There are 2 protein chains.
Amino acid sequence: MKAGPNISHIASLVGEPARANMLTALMSGKALTATELAHEAGVMPQTASTHLAKLEAGGLIVTEKQGRHRYFQLSGGDVADVLEGLMGLAARTGHLRTRTGPRDPALRHARVCYDHLAGELGVGLYDGLHRQGYLAAKDEGVVLTPKGGRALNAFGIDVTGLQDQRRAVCKNCLDWSARRPHLAGSLGAALLDRFFALKWARREKDSRVVTFSPPGERELRERFAIRVEPV
Amino acid sequence: MKAGPNISHIASLVGEPARANMLTALMSGKALTATELAHEAGVMPQTASTHLAKLEAGGLIVTEKQGRHRYFQLSGGDVADVLEGLMGLAARTGHLRTRTGPRDPALRHARVCYDHLAGELGVGLYDGLHRQGYLAAKDEGVVLTPKGGRALNAFGIDVTGLQDQRRAVCKNCLDWSARRPHLAGSLGAALLDRFFALKWARREKDSRVVTFSPPGERELRERFAIRVEPV
DNA sequence: CATACACTTCGGCTATCATCGAATAATGAA
DNA sequence: TTCATTATTCGATGATAGCCGAAGTGTATG
């Protein structure tokens with residue numbers, strides 16, 4: 001009836017608790033199998049299969065077949081952005097989950113948002129990159145400055161390689177816990193990869209939580225001028 | 001248990017077509033009344049009321065009471081951002097076109113909007129009345145010109161009788177399918193009544209579809225300078 | 001080959017929820 | 001007051017869709 005994109009179809013896909021749990025699990029950026037996602041959603045495998053078929057038909061996830069497994073992952077960063085935005089709305093309107101698990105504080109501190117860093121450290125990094133003049137606001141977006149390009153090259157990131165990709169280098173992503181933007185895009189992904197390579201941080205098993213070692217977090221804060229978060 | 005905000009509840013609110021239409025209408029930033037939103041969504045007022053109560057409970061909209069009206073608007077720009085993100089996903093995943101049921105083409109062509117004509121012919125009539133100088137824009141609204149009053153009197157409409165009513169003679173009404181205004185108000189209703197009286201058109205049973213007879217539509221187009229709709 | 005595993009399809013059950021008619025409340029106008 | 005308009009609440013209905021058991025397809029392993 002209405003002209004324009006059909007948002008209700010997409011939203012209804014996310015609006016089912018089992019599917020929302022699956023999508024949340026895929027926010028880790030990892031490809032998961034149907035059985036794993038069924039367990040995450042708390043439903044039988046055959047139920048999960050119909051859900052995954054609908055998510056794929058809706059274009060929210062993509063699949064890859066390997067042997068007798070099928071691996072599912074989000075179809076792109078834009079899906080993760082919308083999910084993160086929905087989390088922000090849910091948090092603001094007081095619809096946090098009734099039982100806040102023990103991992104919740106850790107999630108707020110540092111977590112994976114699809115393929116880049118989110119949480120307190122994520123927004124702190126974003127602010128620090130601005131403070132050091134590595135990033136600059138432009139047209140409601142954000143761009144890498146020449147100074148930032150040199151600095152991050154020295155940090156071990158192939159900046160020119162990133163710029164050759166079709167994907168945007170810098171992108172804002174609204175953080176649901178901090179309600180402020182953090183850095184997405186290929187640069188955001190490359191930075192997180194570099195933190196892992198430097199052994200500053202590691203991923204928790206079966207979780208989006210990113211755990212920084214004490215020296216790793218100290219180095220991160222010094223290197224990128226991250227200030228202590230005001231409570 | 002999962003950590004983080006519960007996105008499925010929020011998403012399910014958007015995932016209902018009627019509510020999605022309401023939210024899309026509120027994307028303009030304007031505050032709309034419950035009746036207006038019911039028209040936008042294509043549901044009865046009591047149905048719209050329950051939807052609006054849920055949207056308010058979910059924190060997506062806020063209300064303000066003024067006299068016997070209640071004005072609804074989005075609770076913040078973050079809601080609009082998420083809706084925009086959903087539109088982007090819907091567009092990317094190829095869900096631009098709306099579901100085309102069998103009744104949809106007829107509905108898009110000509111239908112009743114409360115008590116006046118909507119659809120392609122509705123907006124065509126609106127444009128034709130402007131083109132002939134019968135209607136004139138005024139203060140974001142629309143008024144009947146003296147020339148228009150004479151012409152419509154000759155067409156068989158008691159214009160002076162309309163002006164004595166408390167109800168507004170001319171009013172804009174945004175067309176869902178064309179996303180452009182058509183004519184509402186007592187004049188809009190009187191015109192549709194006249195079309196029925198002249199046997200140019202009739203209403204389909206249990207439907208909002210208005211069917212014009214071939215000679216009726218031809219006369220309508222000639223009399224009111226309705227141009228062929230560009231596809 | 002046989003067996004186990006991963007996943008999908010089918011059929012029926014059930015619960016949820018959107019929808020509308022009717023009634024109610026509240027406000028404004030005559 | 002009386003009437004009209006706006007919005008809400010209640011009750012019944014109907015359609016949608018999630019869910020799981022059972023069966024079927026395809027893949028790896030012994």
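**Entry 1. Helix packing**

I count a crossing as left-handed if the near helix is turned anticlockwise from the far one by less than a right angle, and as right-handed if it is turned clockwise. By that rule, the crossing of α2(B) and α3(B) is right-handed. The model is a predicted one, in which local features need pLDDT of at least 70, side-chain atom pairs count only at pLDDT 80 or more, and totals for chains, interfaces and linings use all residues. Residues are numbered from 1 along each chain as its sequence is written, chains are lettered from A and ligands numbered from 1 in the order in which they are written, and side-chain values use heavy atoms, with hydrogens and water left out.

I noted that two packed helices are described by the angle between their axes and the distance between the axes. Axes are lines fitted to C-alpha atoms, for helices over the stretch in contact, and angles run from 0 to 180 degrees between N-to-C directions. Helices (H or I, at least four residues) and strands (E, at least two) are DSSP runs, numbered from the N terminus.

For α2(B) and helix α3 (residues 34-41) of chain B, I read an angle of about 120° and axes 8 Å apart. Angles under 35 degrees count as roughly parallel, over 145 as roughly antiparallel, 65 to 115 as roughly perpendicular and the rest as oblique. The pair α2(B) and α3(B) is therefore oblique.

I then looked between the chains. Helix α1 (residues 7-14) of chain A packs against helix α1 (residues 7-14) of chain B at about 155°, with the axes 7 Å apart. These two helices, α1(A) and α1(B), are therefore roughly antiparallel, and their crossing is left-handed.

**Entry 2. DNA strand C**

I listed the residues near this strand (one heavy atom or more within 4 Å of it). There are 21 residues around DNA strand C, and A:Thr35, A:Arg70, B:Gln46, B:His51 and B:Lys54 come nearest. Of the strand C atoms within 4 Å of the protein, 74% belong to sugar or phosphate and the rest to bases.

Next I checked polar contacts (pairs of N or O atoms within 3.5 Å; within protein, one must be able to donate a hydrogen and the other to accept it, and residues adjacent in sequence count only if both atoms are side-chain atoms). The side chain of A:Ser49 places an N or O atom 2.7 Å from a phosphate oxygen of strand C. From chain B, the side chain of B:His51 has an N or O atom 2.5 Å from a phosphate oxygen, whereas that of B:Gln46 has one 2.6 Å from a base nitrogen.

Both chains contribute elements with at least two residues each: α3 (34-41), α4 (45-57) and β3 (69-74) of chain A, and α2 (17-26) and α4 (45-57) of chain B. The largest share, four residues, comes from α4(B). I sorted the surface by class (Ala, Val, Leu, Ile, Met, Phe, Trp, Tyr, Cys and Pro are nonpolar, Asp, Glu, Lys and Arg charged, and the others, Gly among them, polar). The surface near strand C has five nonpolar, nine polar and seven charged residues.

**Entry 3. DNA strand D**

I repeated the search for the other strand. DNA strand D is surrounded by 22 residues, the closest being A:Gln46, A:His51, A:Lys54, B:Thr35 and B:Arg70. Sugar and phosphate make up 70% of the strand D atoms within 4 Å of the protein.

A backbone N or O atom of A:Met44 is 3.2 Å from a phosphate oxygen of strand D. A polar side-chain atom of A:Gln46 lies 2.6 Å from a base nitrogen, and a side-chain N or O atom of A:His51 lies 2.5 Å from a phosphate oxygen. Two or more residues come from each of α2 (17-26) and α4 of chain A and α3, α4 and β3 (69-74) of chain B. Here α4(A) gives the largest share, four residues. By class I recorded six nonpolar, nine polar and seven charged residues.

**Entry 4. Positive phi**

I looked up two residues other than glycine and their accessibility (buried is under 20% relative accessible area, exposed over 50%, partly exposed in between; 1.4 Å probe, protein chains only). A:Tyr114 has a positive phi near 65° and sits in the loop between β4 (111-113) and β5 (116-118) of chain A. A:Tyr114 counts as buried at 17% relative accessibility. A:Lys199 has a positive phi of about 60° and lies in the loop between α10 (185-197) and β10 (201-203) of chain A. A:Lys199 is exposed, at 67%.
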